[in-house]
Amino acid sequence: MKLRKLQEKDATFMLEWMHDESVVEFMGANFAEKTLQDCKKFIEWAQNNDEDLHLAIVDDADEYMGTVSLKHINKEEKIAEFAITVRKKTMGKGYSAYGMKEILNMGIKELGLSKIYWCVSANNKRAVRFYDKNSYNRTVDVPDIIKKAYTEEQLSGFIWYVYE
């Protein structure tokens, strides 16, 4: 397993998780309408985006297994928002834990962030179990700059975590 920059060859597998209802069920976006071209555009955009860091989690044969991200990186406040998604076939095989650990450490050690936040729907029992089992800290103290991307309705149904 390793992290690397997203590549155009990842688009097909990225679309796979986007169209898998069991993966996207509790995510806010409508991924079912995404196309292969949308995935390719995102990968190209990710290569030239200074505010976010999107990396592929890949296996030893360099096959895309998922994406880990640090979004809305704020160097002044030294904070960012974390996101992850993986293909269904990887669940329970350590890819999420590996990718998450690596990008969170990268955010703190290489980017000089002091805190990284993320949220998950309280209804997403699988994800909540994963974060709690891996001893990530829940928080209610989330900066407005992080919360601004969400509606009040969304915010009321989230569990927030922080890594520092």
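Me: In this predicted model, why is K115 called partly exposed?
Reply: The relative accessible area of K115 is 28%, and because the partly exposed class runs between 20% and 50%, K115 belongs in that class.

Me: What makes E164 count as exposed?
Reply: E164 has a relative accessibility of 57%, and since exposed means over 50%, E164 falls into the exposed class.

Me: How do you know that E164 and K115 form a salt bridge, and where in the chain do the two residues lie?
Reply: The closest N and O atoms of E164 and K115 are 3.8 Å apart, and because the cut-off is 4 Å, the pair qualifies as a salt bridge. The partners come from distant parts of the chain, with E164 in the segment after β7 (158-163) and K115 in strand β5, 49 residues apart.

Me: Which residues are joined into one network by salt bridges that share partners?
Reply: That network consists of R4, K9, D10 and D62, in a structure that holds 11 salt bridges. Within it, the side chains of K9 and D62 meet at 2.6 Å, N to O, which is within the 4 Å limit. K9 lies in the loop between β1 (2-5) and α1, whereas D62 lies in the loop between β2 and β3 (64-74), 53 residues apart.

Me: Why is it said that the pair of E63 and K89 ties together separate parts of the sequence?
Reply: E63 and K89 form a salt bridge whose closest N and O atoms are 3.3 Å apart. E63 sits in the loop between β2 and β3 and K89 in the loop between β4 and α4, so the bridge ties together parts that are 26 residues apart in sequence.

Me: Why is the pair of F42 and W45 called tilted?
Reply: By the pairing rule there are 13 aromatic pairs in the count. The ring centres of F42 and W45 are 5.6 Å apart and their planes stand at 40°; the distance is within the 6.5 Å cut-off, and because the angle is neither under 30 degrees nor over 60, the pair is classed as tilted. F42 and W45 are also 3 residues apart in helix α3 (residues 36-47), which means that about one helical turn separates them.

Me: What makes the pair of F82 and W118 edge-to-face?
Reply: The planes of F82 and W118 are at 70°, with the ring centres 5.3 Å apart, and since an angle over 60 degrees counts as edge-to-face, the pair takes that name. F82 lies in strand β4 (residues 79-86) and W118 in strand β5 (residues 115-121), so this contact ties together parts that are 36 residues apart in sequence. Both F82 and W118 are buried, and ring pairs link them with F130, Y131, Y136, Y161 and Y163 into a cluster.

Me: How do you know that the buried residues of α4 line one face of the helix?
Reply: The buried residues of α4 are Y95, S96, G99, M100, I103, L104, M106 and G107. Seen down the axis of α4, they fall within an arc of 155°, so they line one face, while K109 and E110 are exposed on the other side.

Me: What puts the buried residues of α3 on the same side?
Reply: In α3, the residues C39, I43 and A46 are buried. They cover an arc of only 65° around the axis, which means that they share the same side of α3, whereas the face turned away from the buried side carries the exposed residues K41 and E44.

Conventions. Residues are numbered from 1 along each chain as its sequence is written. This is a predicted model: local features need pLDDT of at least 70, side-chain atom pairs count only at pLDDT 80 or more; totals for chains, interfaces and linings use all residues. Side-chain values use heavy atoms; hydrogens and water are left out. Rings of Phe, Tyr and Trp (its six-membered ring) pair if their centres lie within 6.5 Å; planes under 30 degrees apart count as stacked, over 60 as edge-to-face and the rest as tilted. Helices (H or I, at least four residues) and strands (E, at least two) are DSSP runs, numbered from the N terminus. Buried means under 20% relative accessible area, exposed over 50%, partly exposed in between (1.4 Å probe, protein chains only). The arc is that of the directions from the helix axis to the C-beta atoms.
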